[in-house]
Amino acid sequence: MARGTGNAAAFFVATLILWSVSVVFEIAFNRRRELLAVVAGCFFYQAANWVIRHSLSRDPLFVNTSVSLLHSTITSLSVILIVVNQWMKYGLSEIFEHAQLFGGTWSGAYSALCFSCGYFAYDQWDMLHYRLYSGWIPSILVHHLILLVCFTLALYRNVTINYLILTLICELHSIFLHVRKVRRMAGVCDAKSTVVKVEWMVNWITFFVARLASHILITYKLVTDAPKFGKGIELPLALFGMAGMNLLNVFLGLDLLKAYRREKNDQLKRQE
């Protein structure tokens, strides 16, 4: 391992340990039993990791991607059910009011956010343990750290829960990111096949709608509602988190474009 990469790993391991101590302290000493759903999320996805590792493949990347696919599917369905349930009860305009997004908590939203927070902690550890990252400042580890900080502080203070639930609609796009990885590991790489064409089409649609557009709209909502936030840490932290997410989305889009062109070029080379 390069020295820079080793330093990055040490930093992210340290932050994960600090995060774990913080959660345990809140549960044990501040009697925040509702945060046990975070621990449940960690153990659930670690158990899924163990099942896949012992039944399908021992390849760390395949196992990690499969568990990530499971998380994206569960989270996407949870978010859609939570939002649709509120929409049917109160109407679209009311659920997107500042008071609802900032101080309210939709039915099931707190537990869903806790469970997803547990996944990001599990996944951070799994990637660090098996070195499933690259670069001096690995974007995926930065992404998970931002989410863990923003999610956990929101859970501790019980604010912006609904805002954060809306950010998780991007997991709908993550489903197809992980499907693409699994598909390539399975050796299905023919860019002309119907399956691959449909997958890329859905991948791009969900990237622009469920990830890029949704995060831009959430950022816009934060900016327009800024005077309603007061003087706490919530608005600066939310804007910082969304700025980081939007920047990472741009990098992800560029990586997707490179991958798409690479698959096209590989297909042309095989035909020559």
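## Around the largest pocket

Five helices, namely helix 3 (60-90), helix 6, helix 7, helix 9 (171-185) and helix 11 (234-271), each give at least two residues to the lining of the largest pocket. Helices here are DSSP runs (H or I, at least four residues), numbered from the N terminus. Keep in mind that this is a predicted model: local features need pLDDT of at least 70, side-chain atom pairs count only at pLDDT 80 or more, and totals for chains, interfaces and linings use all residues. Residues are numbered from 1 along each chain as its sequence is written, and side-chain values use heavy atoms, with hydrogens and water left out.

So what counts as a pocket? On a 1 Å grid over the protein atoms alone, a pocket is an open set of points with protein on both sides within 12 Å along at least five of seven lines, while a cavity is a set where a 1.4 Å probe fits but cannot get out; lining residues have an atom within 4 Å of a point. Grid points are joined across faces, edges and corners, and a volume is the space filled by probe spheres set on the points.

The largest pocket comes out at about 1,200 Å³. It has 36 lining residues, and Ser139, Ile140, Leu177, Lys181 and Leu252 are the closest to its centre. Helix 11 provides the largest share of this lining, with ten residues. Sorted by class, the lining has 16 nonpolar, eleven polar and nine charged residues. For these classes, Ala, Val, Leu, Ile, Met, Phe, Trp, Tyr, Cys and Pro count as nonpolar, Asp, Glu, Lys and Arg as charged, and the others, Gly among them, as polar.

## The second largest pocket

Next up is a pocket of about 530 Å³. Its lining takes in 20 residues, and nearest its centre lie Phe96, Leu166, Ile169, Ser214 and Leu217. Helix 3, helix 8 (161-167) and helix 10 (194-224) each chip in at least two residues, and helix 10 has the largest share, eight residues. The class split here is 18 nonpolar, one polar and one charged.

## Two cavities

How many cavities of 30 Å³ or more are there? The count comes to two. The largest cavity holds about 250 Å³ of space. Of its 21 lining residues, Cys150, Thr160, Leu164, Leu237 and Ala238 sit closest to the centre. Helix 7, helix 8, helix 10 and helix 11 are the elements giving two or more residues to this lining, with the largest share, seven residues, coming from helix 7. By class, the lining of the largest cavity has 16 nonpolar, three polar and two charged residues.

The second largest cavity holds about 50 Å³. Among the residues lining it are Phe120, His143, Leu147, Phe151 and Met245. Helix 7 again gives the largest share, this time three residues. The split for this lining is six nonpolar, three polar and one charged.

## Helix 6 and its partners

Helix 6 (residues 109-130) packs against helix 7 (residues 139-157) at an angle of about 150°, with the axes 10 Å apart. Axes are lines fitted to C-alpha atoms, for helices over the stretch in contact, and angles run from 0 to 180 degrees between N-to-C directions. Helix 6 and helix 7 are therefore roughly antiparallel (an angle over 145 degrees). Their contact (heavy atoms within 4.5 Å) includes Phe120 and Met127 from helix 6 and His143 and Phe151 from helix 7. The residues in this contact divide into 15 nonpolar, four polar and one charged.

Helix 2 (residues 36-55) also packs against helix 6, at about 50° with axes 7 Å apart. Helix 2 and helix 6 are therefore oblique, a word for angles outside the ranges under 35 (roughly parallel), over 145 (roughly antiparallel) and 65 to 115 degrees (roughly perpendicular). Tyr45 and Arg53 are among the helix 2 residues that take part, with Tyr119 and Asp126 among those of helix 6. This contact of helix 2 with helix 6 has twelve nonpolar, five polar and two charged residues.

## Helix 3 against helix 9

The axes of helix 3 and helix 9 come within 8 Å and cross at roughly 150°. That makes helix 3 roughly antiparallel to helix 9. The residues in contact include Phe62 and His71 of helix 3, and Glu171 and His178 of helix 9. By class, the contact of helix 3 with helix 9 has eight nonpolar, nine polar and two charged residues.
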